[in-house]
Amino acid sequence: MPSKARNLAERSGNLLESHKNYDPRILLFYGVIASLLLTLSIGLGYQQLTKVDEYSDRERQQNQRRVLFPGPRGNIYDRNGQLLVGNNHRFAVLLHLDELKAELRREYIRIQKNFIAAEGKKDQPSYAQLHQLSRVSLVQRYLDQVNRIIGRAEVVDAKQLERHFFSRLLLPYTLLDNLGPTEYARLIEHLPVTSPLEVFASNVRAYPFGSAAAHTLGYVRPDNDVDADGLPGEGLTTFKMTGTVGKDGLEKAFDQHLQGEAGGRIYRVDPSGYKISKPLEERKPTQGKHLTTSLDIDLQLAAEEAIGDRTGAAVALDVNTGEILVLASKPDYDLNQFSPRATQSIVDDMNQRGAWTNLALNGSFPPGSTFKIMTSIAGLRRGVLTPDQPIEHCNHYLRVGNALKPCYNGKEAHGDVLLREAIAESCDIYYYRLGLTLTPDVLATESRRMHFGRRTGIELPNEVGPINMPDTAWMKRERGERWTDGETTNISIGQGAILVSPLQMACFVASVARDDTYTQPTLVHQANRPTQRHEPIGLTLEQRAAVLDGMIGCTTEGTAKVLQLAYLRSPFPIAGKTGTAQIPGRKNVAWFICFAPADKPEIAMAVALIGDTAGEEYGGGREAAPVAGAVLKKYFEKKAQPTAPAQVKSARSE
């Protein structure tokens, strides 16, 4: 074999041998590639198998939207089933913008062509401007359709429409929200069924008795934070129809109870936010729970009519249960003016009249001579007073330090009076001496035992007072002054720094009627509610009889005899006490507290009226007692002629 051929054969053999044995570097390369492919496969599998829910949620959030609709609020009733707060329909015309996608596109093209024909392409508005013009033009066209039917000439608010379009597209746009019944009927008759226009009836609060118990019932305001517990789609972009929230009175205190359960729908939408299907899920809203209050609307109206245009308050309670029968405050306001919202002129008028304050709850006044009942109890309990013995000769004045303290009740001296006459005739000299004998700290201690100086704890919000039962430590702490005997005589007759509310005084006289130290008031009616029981006052039978005899004498021949003579003429005794409190530099407050019947108490009352003129004599017997008389008369008339109570609707009825 030639040498050249032999060399070629040797080289070929070497090459074949090398391919048969493989290069280690190639093996390493293959291993790396295989590892990378395996890692990629595992990663893809992990993403597909373990994160499928996450990707599904992201897709759902991008192409689904949730719309919430508030449920109607529950009704509020009085103790006999009379409707105090309900819901009325408020009619509006809505336009479903999310159904206008195709029409908006055609309107855009039409307006664009008109601009090109008129101005040419150079002066054509921007893309955004053309879209805005097309939206306003199309919505105005639908509004004009409504205008022709009901005879109006309304114009679209372009700025409001733009805000709604970009932030609340899935919610219908309100064209008109104050339709009258006739307009509503015409639109229902003439609008096509397939129109994107909808005649909508929303729920607004209605108050059949107008201003009656306004401060107690309270009002609601619009609320955009509607919640829908349990409705799917919490992570979706959510649009909310406007609901309501309680802002005062029972509407606020029981807002969660009265709130309806919101409903909702979930839609599939396109990238522009227009819905592209019927609701994927839907839940209808339901009405909130009803509330039956302890109020008696007949007694409430009697109290408010008796107060009239004067400024003041009246409170009546069931003696045994503490349930509030009347909680009246004047001046007041018509609750219907707050539905759906109060205008600025209404707010200004209320500010001018001082109508915001619930005087029954937060009016703070010296109790005047009505406090003498408390001073009497303190003297009897501490053993410094004996019912059948006088403690001071009333000669119309008592010298206290360098001052002569007058007896304001009656121009003539009372002489030597006993406890019964001191209460009935409201002798100040008797109580000056009793207060000085007791000392201010003892009187304050006994008064706090009867819950003076404390809030009542009623269910209404914002019970703020101020309420005060002063003593020597208070005087030093709050005023930096030393307590004087003059201040002692003041608080012994309910003057000076002592402050109470009409509700607090009503609770006090109910406690006296029940021979108890405390009455817990409530505005919630409960059938067969048990009698309240707390610590007894601690008087002997003789002592209690003397106090009650004095209070009965007040209404028969004493400072409140006008109650029986001119207003009530009841066949049973009424225990009461008048009071006239002077507010330095301001007006007088006429007080009357009572309970009836005196021998078997059922109803307790407190009335406080503020005088019209500073310094004017404004007596509790002349001014406040007749208000109580009107309520008591209505109470016993109703008791003598019982009627079947109205049936309260189911707590979930529509």
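This tour moves through the aromatic side chains of a predicted model, with a selection to make at each stop.

With the whole structure in view, colour the rings of Phe, Tyr and Trp; a search of the whole structure finds 14 aromatic pairs, and two of these pairs are visited below.

Select Phe91 and Tyr184 to begin. Their ring centres lie 3.9 Å apart and their planes meet at 25°, and because planes under 30 degrees apart count as stacked, this pair is stacked. Now show the backbone around both residues: Phe91 belongs to strand E3 (residues 83–95), whereas Tyr184 belongs to helix H7 (residues 181–190), so that the pair links distant parts of the chain, 93 residues apart. Adding a surface brings in the solvent accessibility of each partner: Phe91 is buried, with a relative accessible area of 18%, while Tyr184, at 25% relative accessibility, counts as partly exposed.

Next, select Tyr333 and Phe338. Here the ring centres are 5.2 Å apart and the planes stand at 50°, so the pair is tilted. With the surface still on, Tyr333 counts as buried at 2% relative accessibility, and Phe338 is likewise buried, with a relative accessible area of 4%.

Keep Tyr333 and Phe338 selected and add Tyr219 and Trp356, since these four residues form one aromatic cluster.

For the last stop, select Arg135 together with Phe165, and turn the view until the ring of Phe165 is seen face-on. What lies over the face of Phe165? The residue there is Arg135, at 4.3 Å from the ring centre.

Key:
Residues numbered from 1 in each chain as written. Predicted model: local features only at pLDDT ≥ 70, side-chain atom pairs only at ≥ 80, totals over all residues. Heavy atoms only, no water. Phe/Tyr/Trp six-rings, centres within 6.5 Å; stacked < 30°, edge-to-face > 60°. Helix = DSSP H or I, 4+ residues; strand = E, 2+ residues; numbered from the N terminus. Buried < 20%, exposed > 50% of the residue type's maximum accessible area, 1.4 Å probe, protein only. Lys NZ or Arg CZ within 6 Å of the ring centre and 35° of its normal.
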